[in-house]
Amino acid sequence: MLYAGFMSASLPPFPLPQEPVGEPELLQLGRPEDEPCLRADAARNRARLLEAAGQLVAQHGAAGVTMEAVAAAAQVGKGTVFRRFGDRTGLLTALLDHSEKNFQSAVITGPPPLGPGAPPLERLRAFGLALLRRCVDQLELQLAAEADPQRRYDIAPRRFLRGHVLMLLRQIVPDADCELLALTLMAYLDPPMVHYRSKVRGMSQERVEAGWLDLVDRLTRTGPPS
């Protein structure tokens, strides 16, 4: 399946603990140096490369997607792939663009409880469940697209998701250290942890989702520990 890439938008600095946080704005993925509007030939080349990468994923899994393999499949030079996506992580992230954009849109403008209109606690619970299910559906690609530890938690999608959780927490428990709580909750939703729970520990999806709801209740003090 071909996923269309999206150009980058400038990101606001991550808010300090004392700053108010509103509904996160839609973040588009891509490299900062991408032009606001690709020329028609550049857009066609990008689509061609992503189509080749998508076919490699379908045939060989995410492990089969290398810059060299994509260049060969698209019949272009390897340097073209590096110039467009920077590195393998950038290429794999571009493949996730479509689902990432859809998820962000659901959070910002979709129906409740994931979208606006529900109480913040209900939105937080729904957010985790939806993200867990999305991660399970795309687990191999999500794992392969993990950035290196130096920038893993500061890439555009993670900043958006963390900012949304932080905004909800500040509405639910305004007197807590919501920044630390947001990091704790996001750790539960990390693709490597999803993989460990399901593939290594053999935990069922039902158990993991129940654990998310329990964790949210305990950290927000809305459910007394048993």
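**A guided tour, beginning at Ser99**

Select Ser99 first; this residue lies in helix 5, which spans residues 97–109. The model on display is a predicted one. Ser99 is buried, because its relative accessibility is 14% and the cut-off for burial is under 20%. To see what surrounds this serine, add Arg134 and Gln138 to the selection: Ser99 touches both of these residues, with neighbours within four places in sequence left aside.

Next, display the whole protein chain as a cartoon. The secondary structure consists of 11 helices and 0 strands, and the order along the sequence reads α-α-α-α-α-α-α-α-α-α-α. Colour by accessibility: 44% of the 226 residues in the protein chain are buried. If a contact map is available, restrict it to pairs at least 6 apart in sequence; 71% of those contacts join residues at least 24 apart.

Now select helix 1, residues 40–60, together with helix 2, residues 67–74. The two axes lie 9 Å apart, and the packing angle is about 115°. Helix 1 and helix 2 therefore count as roughly perpendicular, since that class covers angles from 65 to 115 degrees. The crossing of helix 1 past helix 2 is right-handed. For the side chains at this contact, show Arg48, Leu49, Ala52, Ala53 and Leu56 on helix 1, and Ala69, Val70, Ala73 and Ala74 on helix 2. By residue class, this contact comprises 8 nonpolar residues, no polar ones and 1 charged.

Keep helix 1 in view and replace helix 2 with helix 4, residues 88–95. Here the axes of helix 1 and helix 4 approach within 10 Å and cross at roughly 90°, so this pair is also roughly perpendicular. On the helix 1 side, select Arg46, Leu50, Ala53, Gly54 and Val57; on the helix 4 side, select Leu91, Ala94 and Leu95. The contact of helix 1 with helix 4 contains 6 nonpolar residues, 1 polar and 1 charged. Ala53 merits a label, as it appears in the contact with helix 2 and in the contact with helix 4.

Finally, turn to two cysteines. Are Cys135 and Cys178 buried or exposed? Cys135 is buried, with 3% relative accessible area, and Cys178 is likewise buried, at 4% relative accessibility. A search for disulfides across the structure returns 0.

Definitions and conventions: Residues numbered from 1 in each chain as written. Predicted model: local features only at pLDDT ≥ 70, side-chain atom pairs only at ≥ 80, totals over all residues. Heavy atoms only, no water. Axes fitted to C-alpha atoms, helices over the stretch in contact; angles between N-to-C directions. Helix = DSSP H or I, 4+ residues; strand = E, 2+ residues; numbered from the N terminus. Parallel < 35°, antiparallel > 145°, perpendicular 65-115°, else oblique. Left-handed = near helix turned anticlockwise from the far one by under 90°. Contact = heavy atoms within 4.5 Å. Nonpolar A, V, L, I, M, F, W, Y, C, P; charged D, E, K, R; others polar. Disulfide = S-S within 2.5 Å. Buried < 20%, exposed > 50% of the residue type's maximum accessible area, 1.4 Å probe, protein only.
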